[in-house]
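Dear colleague,

I am passing on the structure we spoke about, and I would be glad if you could look it over when you have time. My notes on it come after the display.

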Amino acid sequence: MLILTINPCKSLMLPLSPPPSFPRTFQWVVVQWNFIRFNVIQNLGSFYGSHAWHWYFTQGFPVIMGTHLPFFIHGCLLVPKKNRILLIAVLWTIIVYRCVPPCVKKSD
C-alpha cells in the first residue's frame, strides 16, 4: 500500500524539481541527485562532523525548538492519553535519526 502511495508522488516530484532552479542558475539542477552525490558519493557531509549520542536531545532539538521548548515540555506533560501517540511519534523520530548510522563510513 505504501508503494502505491509513494510512486505517484515520486513520479510527480522528480520531473517538477529541476525547472524552478533554471531561472536562477541557468542550468538544470536535480536536487535529489545533488543530495545523493554530496552526502553519499563524495561523502562531504562528514566534513561537518558528527556528534555525541546525546546531542539531538541536549543541543539539537532544544536549538530547533528555541523559545517553544518550555511550551513543548509543558504540552508533553499535559497531553491526553488519546493523543499520546503523537508525542511518541515525535520522540521516536528523534531517536531514529540519532541511531541511524552514516551511509558511508569515513576511513582514516
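Below is what was found, beginning with the chain as a whole and then turning to one pair of helices.

Please keep in mind throughout that this is a predicted model. The chain contains 6 helices and 0 strands, so that its pattern, read along the sequence, is α-α-α-α-α-α. Of the 108 residues in the chain, 11% are buried, while the area that the chain exposes comes to about 9,400 Å², with 73% of it supplied by carbon and sulfur atoms. Among the contacts in the chain with a separation of 6 or more, 37% are between residues 24 or more positions apart.

The pair in question is helix H4, residues 55-65, and helix H6, residues 84-99, which pack at an angle of about 115° with their axes 11 Å apart. The two are therefore roughly perpendicular to each other, a class that covers angles of 65 to 115 degrees, and H4 passes H6 in a right-handed crossing. On the H4 side the contact is made by Tyr56, Phe57 and Phe61, and on the H6 side by Ile94, Ile95, Tyr97 and Arg98. Sorted by class, this contact of H4 with H6 has 6 nonpolar residues, no polar ones and 1 charged residue.

With best regards

Conventions: Residues numbered from 1 in each chain as written. Predicted model: local features only at pLDDT ≥ 70, side-chain atom pairs only at ≥ 80, totals over all residues. Heavy atoms only, no water. Axes fitted to C-alpha atoms, helices over the stretch in contact; angles between N-to-C directions. Helix = DSSP H or I, 4+ residues; strand = E, 2+ residues; numbered from the N terminus. Parallel < 35°, antiparallel > 145°, perpendicular 65-115°, else oblique. Left-handed = near helix turned anticlockwise from the far one by under 90°. Contact = heavy atoms within 4.5 Å. Nonpolar A, V, L, I, M, F, W, Y, C, P; charged D, E, K, R; others polar. Buried < 20%, exposed > 50% of the residue type's maximum accessible area, 1.4 Å probe, protein only. Areas by Shrake-Rupley, 256 points an atom, 1.4 Å probe, with all protein chains shown as cover.
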